[in-house]
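Colleague: I would like a close look at a single part of this model. Please pick one helix, tell me how it sits, and then place it in the wider interior.

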Amino acid sequence: MTNTPQHDPLPASATRRRLLQQTMLLPWCAGAVAAPAADSPASVAAPAAASAPAGSPPPAPPPALPLVKAVLSTRELQADLSLLATLYETLHPGLLRFQTEADYRARRQSLHQTFSRDLPLATAFRELSRFTAAVRCGHTYANFYNQRRSVQQALFAGRDKLPFTFTWLGPRMVATGGALARGTEVLAIDGTPVADVLAQLLPLVRTDGNNDAKKLALLSVRGRDAWETFDIFFAQTFGARDAGLRRFVLDVRLPGDADQGSTRRLEVPAVGLEERRSAVPPQPAPSDATPPWQLRFESSGSAVLTMGGWALYNSRWDWQRWLNAVLDEVVERRSPALVVDLRDNEGGMDCGDLILARCTARVLRDEGSERLVRYRRVPDALRAPLDTWDNNFFDWGDRVEPLAGAREGRGDGASWFRFVDSATARSIEPRGPRFAGALRVLTSSTNSSATFRFAQLVRQYGLGTLIGGATGGNQRGITGGGFFFVRLPETGLEVDLPLIGQYARGDRPDAGIEPDLARVPTVADIAAGRDPVLAAALRAT
C-alpha cells in the first residue's frame, strides 16, 4: 500500500492486448500478491510494467491515471456507467441482437441503482460483468487480461483458489487433477451445493446468444490460463481467502465410492497464483523446435493433429510452413484419416483455412453472413477512453456504406453501415497436394471464434465429420473483428467493445453447431483417463 502519487501501467502494448484477449498464457504474468481488504480505502500499488514480447511495436505511453481504489464512490461508478452505456449504444453492433431494447434499459437502470452507493472494487467488477454478460456477446466483457496491473493484483491474484483443476459435466463438478484424484465429484464447497455455485456464477459469464455450454467451458478450470474465470467470480461472489491459512471444506464423492453413492468431507488449502501455475509446464515461445501444435500417427496410420490455440498474432513462428509440412507428411503416408483436435481451442487467427485448403478440390466461399458496424466515424467526443491497436477503427471511411431500413434485432436502422465487400464472399482456394482421406474434427463448447467458423465450413461443405460436443459461438452470428478497449476514467476498469457484427443471412438457430457424432466424457472416463471422443474419431468409418 502506498499513498505516493504514481501512475498505474497498462499492459505493455496494443498488440499484446490483442493477443492476450485470446486467453493465451504468456510468461510475463506477475506472481501472486495478496489483494487488499475489501473495505480498505487505500490504493493498491502496481508492479512495474513488463516489456513487450519480441516483434511487437513499442508500447504507447500509458495515460496519466491514478492507481485503482479499493472502494469506488457512487459518483465514480455512475459516471463510468453513463459513459459505457453511451459508447455501447452508439458503437456496439450486437447490443440488441439477443436482448430487447426494453430489457437493456431495465438492466442499465438496475446497475445504476446498484451503483447508487459506494462499492468495493470487487463488487463493482462483478456487477459490471453481470451487465456486460447480459449482452450475450462472447467478446463483450470486462476483460481480465486488459485490466490495469493494479486491478489484476487487487482482484485476481489472491490466495483464494481451489487447489485442483476440474470440468463441468452439466451441473456436476468433476476434478481432473491437482489436490483431488481425477474423477472425484465435488458435491459442495463450504456447504454450498456446486449446482447453486454454478447458478450464481453463470449470469456473470460471457457467451454468444443463448449458448450456455460456452459458459460451462469458461467456468471449468483447466490450469492453462493466466486468469481463470471461475477463480475470479467465485472469490468475488463467495468471499476471498486472503487471510493466510484459509481452507475449503469440500463434500466429495471419490472415484471408488461412486457405486456405493457414499460421500466424504475433506479440507483442502486455498492456493495462490504461483502454486496454481507451478503445476502447469511453462509454455515456450512457438517455434519449429517447440511448436504449440502436435502431430502424431496411430498404429492404424491415422494422423492426429492437436491444436490447442490459434492466437499467433504476435508470433515470429512460421506456422504456415510448419502446418504445410505436416500436412505433406499426412498426404505422403496416405493416412486414412486426419483427426483435428480443437476441443481446447477458442480461436484466434484463421489457421484452419490452410487445413481446409488442403482438404478440398473446389473453392470454398464463406458467404453465409454480412458484416455490419454502427458508425462510419467515431464522434470526437467519444474518443478519449477508447484504446485499440489499429487507429483505422476510428474511421471506416469508404470501406462502409449506409444500410437503409429498419432491421430486426439491430436497432432502428438509423445508424447502420455495411462493409462494401460484404457482398463478396471470402474464399479459400485449394492448394498443395490434397488430403483425400477422412477429415474428423473434434469439437467442444470452447470453440467460439475462428474455430467456430472452421466447424461451420466443414459442415457447410461436407468436408468431414464433427465429433464431440456442440460448439460455442452462435449460428446467428458473432461480434468481433475489431475492438476498442474502453478505459473507464473514474473507476480505472476496462471493458472490451467489439466493433464488427457478423449477421447470418436467413433464419438460423440461436445455438452453436451440433456435432455429427455426439460424444462427451463421463465421470468414469475422467477417472480412468479415457478419451471417448478421440476413440470415437479413430473408430469412425
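Modeller: Start just past the end of a helix, at glycine 462. This glycine follows α12 and has a positive phi, near 60°. Bear in mind that the model is predicted.

Now the helix itself. α12 spans residues 450–460 and is mostly covered. Of its 11 residues, nine are buried, where buried means under 20% relative accessible area. The buried set opens with Ala450, Thr451 and Phe452. It also holds Arg453, Phe454, Ala455 and Gln456, and then Leu457 and Val458. Arginine, threonine and glutamine do not count as nonpolar, yet Arg453, Thr451 and Gln456 are among the buried residues of α12.

What do the buried residues of α12 pack against? One partner is a helix, α11 (352–359). The others are strands: β12 (364–366), β17 (426–428), β18 (438–443) and β19 (464–468).

Next, the wider interior. In soluble globular proteins, nonpolar side chains tend to be buried together. The largest nonpolar core here has 80 residues. Within this core, Phe230, Leu250 and Phe484 touch the most other members. Helix α2 gives the most to the core, with seven residues. Apart from the largest core lies another, of 37 residues. Its members include Leu327, Leu356, Ala357 and Leu439.

Take Phe230 more closely. Leaving out residues up to four places away in sequence, Phe230 touches Leu162, Phe166, Trp168, Met173 and Val197. It also touches Leu201, Leu218, Leu219 and Val221.

Leu250 leads to a strand, since β7 covers residues 247–253. Strand β7 runs antiparallel to β5 (residues 185–189), with four bridges between them. Here glutamate 185 has arginine 253 as its bridge partner. β7 also runs antiparallel to β8 (residues 264–269), joined by six bridges. In that pairing, aspartate 251 stands opposite arginine 265.

Last, the empty space. The structure holds five cavities of 30 Å³ or more. The second largest has a volume of about 70 Å³. α2 returns here: it gives the most to the lining of this cavity, with four residues. Both α2 (74–91) and α4 (121–133) give two or more. The lining includes Leu77, Asp80, Leu81, Leu84 and Phe115. Ala124, Leu128, Leu488, Thr491 and Leu493 line it too. By type, the lining divides into eight nonpolar residues, one polar and one charged.

Key. Residues are numbered from 1 along each chain as its sequence is written. Side-chain values use heavy atoms; hydrogens and water are left out. On a 1 Å grid over the protein atoms alone, a cavity is a set of points where a 1.4 Å probe fits but cannot get out, and a pocket is an open set with protein on both sides within 12 Å along at least five of seven lines; lining residues have an atom within 4 Å of a point. Grid points are joined across faces, edges and corners, and a volume is the space filled by probe spheres set on the points. Two strands pair if DSSP finds at least two bridges between them. A nonpolar core is a set of buried Ala, Val, Leu, Ile, Met, Phe, Trp, Tyr and Cys residues joined through side-chain atoms within 4.5 Å. Buried means under 20% relative accessible area, exposed over 50%, partly exposed in between (1.4 Å probe, protein chains only). Contact means heavy atoms within 4.5 Å.
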